[in-house]
Amino acid sequence: GQLGGSSAGYPHDAMYYSNVTNGGTLYFEVENNLLAAKWIGSDGVIRDNFTIMKNVNQTNTISITSGNNATLTASWIGNYSWSTGATTQSIIVSPAVNTTYTVTDGAGCITDVFNVEVSAPFQNLYVHVQEESLVKVFPTTVQKGQPIQVQSSLKDAAEYILVDINGRILNRYRSSGYAQIQTNNLLPGIYYLKWKTKNKTEVRKFIVLH
């Protein structure tokens with residue numbers, strides 16, 4: 001082949017498609033998850049191009065504690081239009097309530113979604129607990145659906161309060177002797193069982209796994 005003209009007898013009869021009179025090159029640029037291809041003619045004119053991206057159009061859920069912030073980063077390199085009005089690849093947010101943020105490429109081809117879930121600061125439920133307790137809670141780590149056993153040697157029935165890691169009351173139980181805490185409806189995470197005996201409050205932690 002040659003540039004700037006055609007040889008005598010062009011195109012050859014064996015060529016299925018030969019009407020290109022201005023040759024050139026296919027040029028690739030790759031950066032992170034972006035591939036940009038350009039067909040550049042011998043005259044320097046870009047006659048065609050396309051872009052391929054991978055792992056974009058993502059949906060992310062991020063959990064933060066109230067008062068803290070989170071950094072949100074678009075999954076591609078290019079132009080950005082955030083729902084907040086920002087135009088940078090990354091933004092820092094500190095919502096007071098659960099908030100959804102979106103970012104697009106400006107052309108409407110790509111959109112990332114960020115669901116920021118805000119939880120209340122954890123309030124310490126712990127008080128001094130004597131080594132010898134009249135109530136036993138076991139096991140302390142269970143699979144979802146496996147019950148938590150509660151055995152009590154208290155003379156009177158006690159009220160047990162089930163709370164999550166954010167201090168929200170999920171359920172109340174009243175029992176004497178023996179009880180079970182069902183975990184079928186609990187999400188995987190850390191929970192606390194709290195009860196009062198005379199002038200003392202006791203707390204036991206247990207973990208529910210997937």
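**Close-up views of the predicted model**

**Figure 1. Setting of D164 at the end of a strand.** In this predicted model, D164 belongs to strand 13, which spans residues 158-164. The relative accessible area of D164 is 8%; because this falls under the 20% cut-off, the residue is classed as buried. Beyond its neighbours within four places in sequence, D164 is in contact with L170, I190, Y191 and Y192.

**Figure 2. Polar contacts made by the side chain of D164.** The side chain of D164 reaches two backbone nitrogens, those of N166 and R168. The distance to the backbone nitrogen of N166 is 3.0 Å. For the backbone nitrogen of R168, the distance from the D164 side chain is 2.9 Å.

**Figure 3. The aromatic pair of Y191 and F206.** Four aromatic pairs are present in the structure. In one of them, the ring centres of Y191 and F206 are 5.9 Å apart and the ring planes stand at 20 degrees, so the pair counts as stacked. Y191 is part of strand 16 (residues 189-197) and F206 is part of strand 17 (residues 200-209), so the pair ties together parts that lie 15 residues apart in sequence. Both Y191 and F206 are buried. Y191 also appears in Figure 1, being among the residues in contact with D164.

**Figure 4. The largest pocket and its lining.** The volume of the largest pocket is about 380 Å³. Its lining comprises 18 residues, of which D164, I165, N166, R168 and L187 are the closest to the pocket centre. Three of these, D164, N166 and R168, take part in the polar contacts of Figure 2, where the D164 side chain reaches the backbone nitrogens of N166 and R168. Strand 4 (59-65), strand 9 (111-119) and strand 16 each contribute at least two residues to the lining of the largest pocket. Strand 16 is also the strand that holds Y191 of the stacked pair in Figure 3.

**Figure 5. The protein chain as the context of the close-up views.** The secondary structure of the protein chain consists of 17 strands and zero helices. Of the 210 residues in the protein chain, 30% are buried, and D164, Y191 and F206 are included in this class. Among contacts with a separation of 6 or more, 42% join residues 24 or more positions apart. The exposed area of the protein chain is about 13800 Å², and carbon and sulfur atoms supply 50% of this area.

Terms used
Residues are numbered from 1 along each chain as its sequence is written. This is a predicted model: local features need pLDDT of at least 70, side-chain atom pairs count only at pLDDT 80 or more; totals for chains, interfaces and linings use all residues. Side-chain values use heavy atoms; hydrogens and water are left out. Helices (H or I, at least four residues) and strands (E, at least two) are DSSP runs, numbered from the N terminus. Buried means under 20% relative accessible area, exposed over 50%, partly exposed in between (1.4 Å probe, protein chains only). A polar contact is a pair of N or O atoms within 3.5 Å; within protein, one must be able to donate a hydrogen and the other to accept it, and residues adjacent in sequence count only if both atoms are side-chain atoms. Contact means heavy atoms within 4.5 Å. Rings of Phe, Tyr and Trp (its six-membered ring) pair if their centres lie within 6.5 Å; planes under 30 degrees apart count as stacked, over 60 as edge-to-face and the rest as tilted. Accessible areas come from the Shrake-Rupley method with a 1.4 Å probe; for residues, only the protein chains shown count as cover. On a 1 Å grid over the protein atoms alone, a cavity is a set of points where a 1.4 Å probe fits but cannot get out, and a pocket is an open set with protein on both sides within 12 Å along at least five of seven lines; lining residues have an atom within 4 Å of a point. Grid points are joined across faces, edges and corners, and a volume is the space filled by probe spheres set on the points.
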